[in-house]
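Colleague: I would like a close look at a single part of this model. Please take me through one helix packing, step by step.

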Amino acid sequence: MSSAPVRPDPTAEPSTDDEATAFVDLGLRDELLAALAALGYEEPTPIQREAIPPLLAGRDLLGQAATGTGKTAAFALPLLQRMPADRLTADPVALVLVPTRELAVQVSEAFHRYGKELGTRVLPIYGGQPIGRQLRALDAGVDIVVATPGRALDHIARGTLRLGDVGTVVLDEADEMLDMGFAEDIEAILEHAPEQRQTVLFSATMPARIDGMARAYLTDPIRILIAREKPVAGEAPRVRQSAYLVARAHKPAALGRVLDVESPTAAIVFCRSREEVDRLTETMNGRGYRAEALHGGMSQEQRDRVMGRLRAGTADLLVATDVAARGLDVEQLSHVVNYDVPSAPESYVHRIGRVGRAGREGVAITLAEPRAHRMLKTIERVTGQRITIDKIPTVADLRNRRLELTQAALRESLLEDDLEPFRVIVESLSDEFDLMEVALAAVRLAHEATLPGALEEEEEIPQIAVRPPRTGRPGHEGRGERRPGRPRSAGTTQVFVGLGRRAGVRPQDLVGAITGETGMNGRDIGSIEIADRFSLVEVPAGLADEVISGLRGSTIKGRRATVRRDRDTDGGDRRRQPR
Ligand code: AMP
């Protein structure tokens, strides 16, 4: 791996961003810079720019950042850099607390990616995973533990997780942890950590409870907050803004479909890294688009060539990083696509400002993974503009759209073309077949000739439901205290889980299992009732199937449970077990 510093290409067009700091300016060591270069990260995100230097200096930090802002690297890189060399003990020196198992896995994977060359040992521990494996790994020695609070506390109580050497604690997605009822667990965990330590708290939202936490656990922290409702300077561009919720694995297919339906004149698709630009360009070319890559690793000459092809109309899709696209001005751009939710509202505004110029209407499309939904909300709040969540076109939508195109082509041909030379074919066939049948066969041939790419091979892309807004439920505190028989809110379904108090199940175990297995957010889950031998969880009706199949595939407190729709939901007369 080369250890080339990650600087924007010096031949790049002048940056419009005054603060274009490179990773190398943040004081990161060569091994980390090399890892970032290999991942194709071209520049730090705003949160990384602001958080990395003070974290390297050992300061406490309170940061407002949701998934998608690059917050994981913002705390992971300084932690890796500050890792003491030649450690003698096996106990961890850093603890990262996260709300869900999904995030525990993601965060430890990120540590692995960045710290590969440093040989840092990172262990995710979370409920639902067999404890034996975790015990062995802890025993063998780890440097960084990434844990959900419940399981971390379990290990602390067993004496298998010792926090005496911990120099840094990170509370990641702290608002979610509070929502899930982890406040007491976090407090108990922090009591076991040395008082002299660095504490870092990231939260997507900053309600008063987070402020309270910051006051209790942080010492003179650096504060990084997103400006509130800062209207976009100048006149808002005429841009239709929409977003699609889609899992990562389905993004290339989703992009193809959306582009098929939108039929842009020319579009630019923004990706986060060079690696992704190259991969997506290849995928889109494989799908029959004329896509060109544009990133900071290319020479000015290569870029000019790409831009020439776009202007000449021999390419219709530009796949680019922010750095490479800076200062680009393409007249014919009709669509901007964010392949991921941008890392900051400012970056979103910058990107979509490339269309909707000179009074023409532009379209901005964002493909968001379910977890990045909150970042979309932040962008809406900051820009004061609405982003509608649309449904990804289904195979049937695509089929209809293609038929429409064929019909339009035939109409054009009927109006303009000289059809005489073909009369002889129709006449001779009409002796044998009905005219309608002849027409149908001709349409089919025309349809297949203009639109290759068999739709039969297209998989359905799962539609991810838009999460219903919060209904003003009073935090988590009321959870688990719902008495049997109280009416459920409308539009919800109760899910029966065949494990209860006797199995040691707590509300946060259920919330953790559900959010870990589905794209759901802790706030989407309604009341939770825990009886001796079973539990009932209220979820939005449209998500019940997703929850049931997620829970069936996982374990709760190390056990598999019977999971199904509660019979009461269907109006049945189920007799509850006494509590
Ligand atoms: P996070 O907000 O930490 O969940 O990160 C969101 C995504 O952005 C992850 O897939 C990271 O790999 C990616 N990422 C983080 N920082 C950068 C960066 N500076 N440049 C490109 N991609 C990044």
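Modeller: What follows covers one pair of helices, then a cavity elsewhere in the list of features. Keep in mind that this is a predicted model.

Start with the general idea. Two packed helices are described by the angle between their axes and the distance between the axes.

Now the pair itself. Helix 10 spans residues 251–262, and helix 16 spans residues 395–416. Their axes come within 10 Å. They cross at roughly 30°. Angles under 35 degrees count as roughly parallel, so helix 10 and helix 16 are roughly parallel to each other. The crossing of these two helices is left-handed.

Which residues meet in this contact? Helix 10 brings Arg257, Asp260 and Val261. Helix 16 brings Val395, Leu398, Arg401 and Arg402. Sort the residues of this contact by class: three are nonpolar, four are charged, and none is polar.

Next, the cavities. How many of 30 Å³ or more does a search of the whole structure find? The search finds two. Take the second largest cavity. About 30 Å³ of space lies in it. Its lining is made up of His373, Leu376, Lys377, Glu380, Ile387 and Ile389. Helix 15, residues 373–383, gives the largest share of that lining, with four residues. By class, the lining of the second largest cavity has three nonpolar residues, two charged and one polar.

Definitions and conventions:
Residues numbered from 1 in each chain as written. Predicted model: local features only at pLDDT ≥ 70, side-chain atom pairs only at ≥ 80, totals over all residues. Heavy atoms only, no water. Axes fitted to C-alpha atoms, helices over the stretch in contact; angles between N-to-C directions. Parallel < 35°, antiparallel > 145°, perpendicular 65-115°, else oblique. Left-handed = near helix turned anticlockwise from the far one by under 90°. Contact = heavy atoms within 4.5 Å. Nonpolar A, V, L, I, M, F, W, Y, C, P; charged D, E, K, R; others polar. 1 Å grid on protein atoms, 1.4 Å probe; cavity = no way out; pocket = protein on both sides within 12 Å on 5 of 7 lines; lining within 4 Å. Points joined across faces, edges and corners; volume = space filled by probe spheres on them.
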